[in-house]
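Student: I'd like to go through some of the labels used for this model and see what backs each one up. Can we take them one at a time?

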Amino acid sequence: MSGSKSATRSSNRPPENGASSRGRYWRLLALSLGSAAVFAVLFYLWGRELFPRAAGRWGKTFPFVGAVTLTLAVALFLSEWFGFAGREVRKVRLAVRDFLFLCFLVLLLFFAAKAVTDLLAEVPTLGRGVPTRVYAYLIPLPAFAMVVRVLINSETSILFTVAASVLSAAAASGSWPALLFLLLSGTAGAARARRVPDRYRMLLAGVQTAPVCALAAAALEFSFHGGGEVLWAAVFGAVNGLLAGPIALAVMPVAESAFGYASDIRMMELSGAGNPLLTRLMMETPGTFHHSVVVGTLAEAGALAIGANPVLCRVAALYHDIGKLGKAQYYSENQAGAANVHDAMSPGLSRAVILSHVKEGVRIAAEYRLGDRITEIIAQHHGTSLLYCFLDKAKPMIQDRKASEEMFRYPGPKPRTREAAIIMLADATEAAARSLDRPTPREVDEIVTGIVNRIYLDGQLNECDLTMRDLHAVGRAISQVLAAVAHARVGYPDAGKGAV
Ligand SMILES: [Fe+2]
Ligand SMILES: [Fe+2]
């Protein structure tokens, strides 16, 4: 267990395997090579300005060679910068997809910086009397830093801001005020995009960034060039901040679709009424739907207690058992008033049916494009925990060595983010509390403490960033909410034997 307590989401990824990971690898490789080629062409088109000394033995070929070597140098810088952080900084841990996304954004911003400082200054009505350098205050780094924070995490957004500032300042004639402004405005934008569950919050983050950008631009302009253009600098800085929200909102859907991210805004859309998959869950497996809603409430409370992502917890919990669709009768929460079909089945067959809901859930999540964050939580919500409900029944088989206890474990992986761990705890405690009829808060607390201890001692939380303090806080929050929910609830038959 680690001591990390950052309020951001972790970007850990589950291990990939099989044809889908190979397919993704080739797609990403093609995307990176294609991007490098596009940027080399753009560098070439800007060759005269970027490479003013087209002389020597390279002669006329210099702009072409210069564009290729500059692309390589920039790629090397970004590889070293993000590669080092991705390997060594615990909260960064970049997947290949994140790495490519960040490099793409940095280079995109580089050309946006060139466009703003060169092309915008050429517009006659704008450019009259305003020096080119002042346009550097319009470079839209705050918007891009906000996007990185919303889609990945805060640590990565700081790394991105530094790398993007250095390259974009170089594009804007490499001046000190431009570099300082970019560092400051990017940090300010990222800092104000902490929780963005809807478009309004994104626009608000930009509006809150605007005064900081205006102040910084005015101060830097005055310090380095005197008072002549201070007003223009302040106006450009403010416009930069105000446009950050709309630009981020325009970039995010593209990033979500091209790179497979799922922002909190997308999460809120997935939690809305009328969502086809949630409607199916409600109509075909009403017991599971109710269980998922309660797990979402518990997980949200747990996330709020430790500064994890409550939106992700609530929405991922709604979908965590979608793998039960089509097999509703095999799960206790859907058997109210009916016979338990497992009574007529062998433990081995019951095990196969129950374990399959994780894999099936991942398949349905991909089919409905729920995004990586929800899919990972579906895959991890049982970790490698034991299927306690059939272990007793399978004991004779285990004693006869016809089966082993390990066969009755979920395949994993274990939870790798705090949100996945919270959902595992909420899921298991909700399932266990079903056995209690109008329990007292004390009884609920004992059940929750027992489940939390069992999960911890079983090693299910070994791969996530949850501290002991976090664990106690999550347990306490779940216990409080569950006591209120369970007190007024009718119990399910055959319940209380662990989450399935
Ligand atoms: Fe569940
Ligand atoms: Fe489950």
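Student: Why is His320 called buried?

Tutor: This is a predicted model, and in it His320 has a relative accessibility of 0%. Buried means under 20%, so His320 counts as buried.

Student: And what makes His291 buried?

Tutor: The reasoning runs along the cut-off again: under 20% is buried, and His291 sits at 1%, so it counts as buried.

Student: How do you know that His320 is a donor of the iron ion (ligand 1)?

Tutor: A donor has to be an N, O or S atom within 2.8 Å of the metal. The protein donors here are His291 (NE2), His320 (NE2), Asp321 (OD) and Asp427 (OD), at 2.1 to 2.2 Å from the iron ion (ligand 1), so His320 qualifies.

Student: Why is the site of the iron ion (ligand 1) called irregular?

Tutor: With four donors, tetrahedral needs all angles between 85 and 135 degrees. Here the angles run from 79 to 174°, so tetrahedral is out. The site is classed as irregular. As for the two histidines, His291 lies in helix H13 (residues 286-306) and His320 in the loop between helix H14 (310-319) and helix H15 (347-367), so the pair ties together parts 29 residues apart in sequence.

Student: Why is Ala238 called partly exposed?

Tutor: Ala238, in helix H10 (residues 230-259), has a relative accessible area of 21%. Buried would need under 20% and exposed over 50%, so Ala238 lands in between, as partly exposed.

Student: What makes helix H6 largely enclosed?

Tutor: In H6 (residues 141-151), 11 of the 11 residues are buried, so the rest of the structure largely encloses this helix. Among them are Phe144, Met146 and Arg149.

How values were computed:
Residues are numbered from 1 along each chain as its sequence is written. Chains are lettered from A and ligands numbered from 1 in the order in which they are written. This is a predicted model: local features need pLDDT of at least 70, side-chain atom pairs count only at pLDDT 80 or more; totals for chains, interfaces and linings use all residues. Side-chain values use heavy atoms; hydrogens and water are left out. Donors are N, O and S atoms within 2.8 Å of the metal (3.2 Å for Na, K and Ca); water is not among the atoms, so sites may look incomplete. Four donors count as tetrahedral if all angles lie between 85 and 135 degrees; four count as square planar and six as octahedral if opposite donors are over 155 degrees apart and all others between 65 and 115; anything else is irregular. Helices (H or I, at least four residues) and strands (E, at least two) are DSSP runs, numbered from the N terminus. Buried means under 20% relative accessible area, exposed over 50%, partly exposed in between (1.4 Å probe, protein chains only).
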